[in-house]
Amino acid sequence: MSYKRILSIFSLICCLSVLYPACFRQIAADDLSVRVSGHNSQIAYYEFILGSLASNERKWEEALIYYKRALSHDPESPYLSTQISLTLIRLGKIFDAITILEKTVKQYPYYLNALIVLGEAYNSQKRVDDAIGIFEKVMKLAPDNKEANLFLGTLYLSKGDISKSIDIFEAILQKEPDNILALHYLATTNLRRSEHDKAEQQFLKIIEINPSFDSAYVNIGMLQESRGDKAEAAGSYRKALEANPHNLFARERLAMLYITDKEYTMAIEQLKLIQMQAPENIDIHKRLGLLYLQEKQYDRAIHDLRIVIEARPDDLSSRYYLALALMEIGRYEESIDQFNHLLALDPKNISAFLNLALIYSKQKRFAETARVYDELLSFEKGTSEIFVYAGNAYIELKNYKKAEEILLEGLSLFSDNSDIYFQLGIVYDKTGRFLEMEKYIKKAIELSPDNADALNYLGYTYADKGINLGEAVVLIQRAVKLKPDNGYITDSLGWVYFRLGRLDEALALILRALELTKDDPVIYEHLGDIYKERGDYRKAISAWMDALRFHEKEDGLKERVEGKIKELEYRLSD
């Protein structure tokens, strides 16, 4: 049995010695006696009392000294030897305690206290067979000892000898039908045998006898969970907590049920209560951190996940989620630091690479973005998206040669990937290879007819060049249906209508595009072009001036729009 259980017997013996001093030197039922002088007996008893007082104050080292002195004056006392063994157990010196107990039971084989403590000490050291042997001796000496009977049954159960454990528990219940511990162990044994109905009835019997027996509610809840009766299980766990608010296992199971049902707020409430009772439980901090992340309570997630990492620096998943939470609230440098730390521990963590590249991309640090993808591609070529993202990073850097090289390699591995064809089409457009652009983007659309970005790109390119305008309308209309709230695609449709001379429709669409995307210079430029064509020159100039406010987003726009403004102002001045 556990260390604490051994100590409980120590307390019992100590109480008996105070109530009945005469039993201090009584050895066993065979009326063995210790022949010592009266003077020595009194000194031994005095030292024993001093040891007991020290024990009551939890001064175990001091108590041990007094008990040893008492034994020196009464060296044949098995009680004192047992008391010394219990004190050694208090001090964690179980092997020393076992040595003394083995000597004691060898000398006094009928002394029950020493036998029981030795059996429990053996069990604490996982010497189950030795413990069983001792308790079988105890049962021969004291067949009606209920506590020893129960302990022997649990020993057989731990060894897997189910039939013997059941025989013992049922024998106890025949004499004492309301013995809760026997019922509990028997029900637990039936659980191991998968006799769930029997076990549940026995747990219900326990509750009938003692409605505050919280572990019975917990076991019933577990059985209900196994049947898929989650609502009933949650009710059982709540009853367990009503009986014992400190039952952390019941609270944890209840929290897990709430998580399963996506009732995250209620799960957080339960886990916080566990955290209050067990602040050192790092796993609870981790679960709370993940739930806070799920609920977008990023600051709280960061707080709990940092606690986990401080306790477990090598907890890779906690560090990953901490980095994600930091990224979500824009604390990019801290997030980068966590992802880099994670990659130092796990150099091939693909998710960490992808998120690190995403942060650099958000910051428009495309050189770092490209570097991350290069490193990722050095060992991971089995994911098509990585080639797409890497190609896009080099497009942003205007390194079209490198972008083409990466994308062609990706295409050799993923020949039917629409996104790679699309990105290659962009590269060819940027490098002035119109026919190749048209070929690759059409292939992207063929592979993925719902690729709204590819539909829009090709349609807009036609409109911008003033060619294939009928086809451009069809392409962009398809894209608008797929993404009706995308300002860029709405602008494209307005632009093709402008090219077709349908100015009123074009104006309505461009104004709608500006509602959806308020800071794009090209849309403002298109608005100005439409106003100019309609003869609304002042509005045209105003729209172009708005375009200039965001000119850094589009290469070449500043010079182009300034030229339009200058030309129109010159015309107005005539």
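These are my notebook entries on the fold and the largest pocket of a predicted model.

**Ground rules.** I number residues from 1 along each chain as its sequence is written. Local features need pLDDT of at least 70 and side-chain atom pairs count only at pLDDT 80 or more, while totals for chains, interfaces and linings use all residues.

**Overall fold.** I looked up the secondary structure first and found 32 helices and zero strands in the protein chain (DSSP runs, H or I of at least four residues for helices, E of at least two for strands, numbered from the N terminus). The radius of gyration of the protein chain is 40 Å, well over the 25 Å from the globule rule for 574 residues, so the chain is more spread out than a compact globule (C-alpha atoms; the rule is 2.2 Å times the number of residues to the power 0.38). I noted a C-alpha trace spanning about 135 × 50 × 45 Å along the principal axes.

**Burial.** Of the 574 residues, 47% count as buried (under 20% relative accessible area, 1.4 Å probe, protein chains only).

**Largest pocket.** I then turned to the largest pocket (an open set of points on a 1 Å grid over the protein atoms alone, where a 1.4 Å probe fits, with protein on both sides within 12 Å along at least five of seven lines; lining residues have an atom within 4 Å of a point). I counted 41 lining residues, with E396, K430, Y457, K553 and E554 nearest the centre. Helices that each supply at least two lining residues include helix 22 (384-396), helix 26 (452-465) and helix 32 (557-573).

How values were computed: Side-chain values use heavy atoms; hydrogens and water are left out. Buried means under 20% relative accessible area, exposed over 50%, partly exposed in between (1.4 Å probe, protein chains only).
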